[in-house]
Amino acid sequence: MSSDWYPGIERFCEHWNHAPMLQQTFDTLQQTFAEGHDACIDASKGLVECACRVIIENLDDPSNPIKDWKDSPIKADTPGFKDWVSGALRLLNLTESRDDPFSKLLSQHFKLVDALGHFRNMAGPISHGKEGFAHKLSAHHRRAAVLAADALVTFLHEAYLEREPDPVTTLEPYERLPKSNALIDFHVEAEAAGNEDGWLAITLRLPGDETLDLTVEPSRLLFGVDREAYKYVLSLCRDASLPPAEDDEEEAA
C-alpha cells in the first residue's frame with residue numbers, strides 16, 4: 001500500500017529524523033503496511049506513542065517534569081497508549097479538562113487506534129512473538145488503524161510547530177526559532193577579536209546598554225556553525241602536528 005495513507009506520519013518522522021526509536025517504528029510501519037501485514041496495526045499504535053514521547057521530551061520542563069505532576073497522566077511505571085497521548089496534549093496546552101469538547105473529539109481518535117490495537121495478538125509473529133496467524137484482519141482494519149494514527153500524529157505535529165521551542169531545553173536546530181533569531185539580530189551588535197589563546201573573544205552589545213562577553217574555541221565555533229568546515233579543518237589539523245601535550249599525558253595515564 002502507498003505511503004499516501006500516512007502523509008502526516010511521514011512529515012513528522014522527517015522532522016525528527018534523529019530520533020532512533022521513532023525511525024525504527026516508522027520503518028516497521030512502512031514495511032508491514034506495504035506488505036499488507038496485520039502487524040501494521042501494532043506499528044501504527046507504537047508510532048503514535050513514540051511521537052508523543054518525542055513531543056514530551058522536547059516540551060517537558062526539567063525543573064517541573066510532567067511525570068512528577070500530581071495529576072500526571074504518565075506517572076505510572078509503564079504508561080499506556082492513552083497516557084502518552086494525554087501527556088503530549090497537556091504539554092501542548094490543548095486540553096483543559098476531560099469534559100471539554102476538544103478532548104472528547106480527540107478521545108474518539110485514540111479510542112479507535114487503541115481498539116484496533118487490541119487485535120495485535122492476532123497480528124502475527126511481530127506482535128508479542130506469537131507464531132503464525134490466528135486470524136487475518138481485513139485491509140479495512142489496517143487502513144483504519146493507519147489513518148487514525150496519521151490523524152493523531154498530524155494534529156500533534158502541527159500543534160507543536162505552532163509553538164516556538166525553549167532555546168535552553170530544545171533538541172531542535174537553530175532554524176526552528178526564526179522570529180527570536182531575527183529579533184536578536186536586529187537589536188544586538190557583536191564585536192569579535194582573538195584573545196591570547198587564539199580563541200574568539202566576543203562582546204555582545206545588548207539593549208539597555210548592557211554587554212555580554214563570550215569566549216568561543218575555534219572547534220566549538222566550527223562545530224556549531226559549519227560541520228563540513230569542521231571536518232575539513234580537522235583533517236588538516238590531523239596532518240599538521242602532534243596533539244596538545246596534555247592529551248599525551250592523559251593517554252599515558
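How do the axes of helix 2 and helix 3 cross, and within what distance do they come? In this predicted model, the two axes come within 9 Å and cross at roughly 155°. Angles over 145 degrees count as roughly antiparallel, so helix 2 is roughly antiparallel to helix 3. The crossing in which helix 2 passes helix 3 is left-handed.

Helix 2 contributes Met21, Leu22, Thr25, Phe26, Thr28, Leu29, Thr32 and Phe33 to the contact. From helix 3 come Ala39, Cys40, Ala43, Ser44, Gly46, Leu47, Cys50 and Ala51.

**Nonpolar core**

The largest nonpolar core of the model has 38 residues. Ile9, Phe12, Leu22, Leu29, Leu47, Val48 and Ile55 are those with the most contacts inside this core. At least two core residues are supplied by each of helix 1 (7-15), helix 2 (20-34), helix 3 (39-59), helix 4 (81-91) and helix 6 (139-161). Helix 3 gives the largest share, 11 residues.

Val48 is one of the core residues with the most contacts. Beyond its neighbours within four places in sequence, Val48 is in contact with Phe81, Val85, Ala149, Leu152 and Val153.

**Ser44 and Lys75**

Two further residues can be set side by side.

| Residue | Location | Relative accessible area | Class |
|---|---|---|---|
| Ser44 | helix 3 | 0% | buried |
| Lys75 | loop between helix 3 and helix 4 | 40% | partly exposed |

Why does Ser44 count as buried? Buried means under 20% relative accessible area, and Ser44 is at 0%, so this residue falls in that class. Ser44 is among the helix 3 residues that make the contact with helix 2. Leaving out residues up to four places away in sequence, Ser44 touches Leu29, Ala145, Val146 and Ala149. Of these, Leu29 is also one of the helix 2 residues in the contact with helix 3, and Ala149 is also in contact with Val48.

Lys75 belongs to the loop between helix 3 and helix 4. Its relative accessible area of 40% makes Lys75 partly exposed. With residues up to four places away in sequence not counted, Lys75 touches Lys67, Asp68, Trp69 and Lys70. For Trp69 there is also a polar atom pair: its backbone oxygen lies 2.8 Å from a polar atom of the Lys75 side chain. How far apart are the C-alpha atoms of Lys75 and Gly87? They are separated by 9.8 Å, the two residues being 12 residues apart along the chain.

How values were computed
Residues are numbered from 1 along each chain as its sequence is written. This is a predicted model: local features need pLDDT of at least 70, side-chain atom pairs count only at pLDDT 80 or more; totals for chains, interfaces and linings use all residues. Side-chain values use heavy atoms; hydrogens and water are left out. A nonpolar core is a set of buried Ala, Val, Leu, Ile, Met, Phe, Trp, Tyr and Cys residues joined through side-chain atoms within 4.5 Å. Buried means under 20% relative accessible area, exposed over 50%, partly exposed in between (1.4 Å probe, protein chains only). Helices (H or I, at least four residues) and strands (E, at least two) are DSSP runs, numbered from the N terminus. Contact means heavy atoms within 4.5 Å. A polar contact is a pair of N or O atoms within 3.5 Å; within protein, one must be able to donate a hydrogen and the other to accept it, and residues adjacent in sequence count only if both atoms are side-chain atoms. Axes are lines fitted to C-alpha atoms, for helices over the stretch in contact, and angles run from 0 to 180 degrees between N-to-C directions. Angles under 35 degrees count as roughly parallel, over 145 as roughly antiparallel, 65 to 115 as roughly perpendicular and the rest as oblique. A crossing is left-handed if the near helix is turned anticlockwise from the far one by less than a right angle, and right-handed if clockwise.
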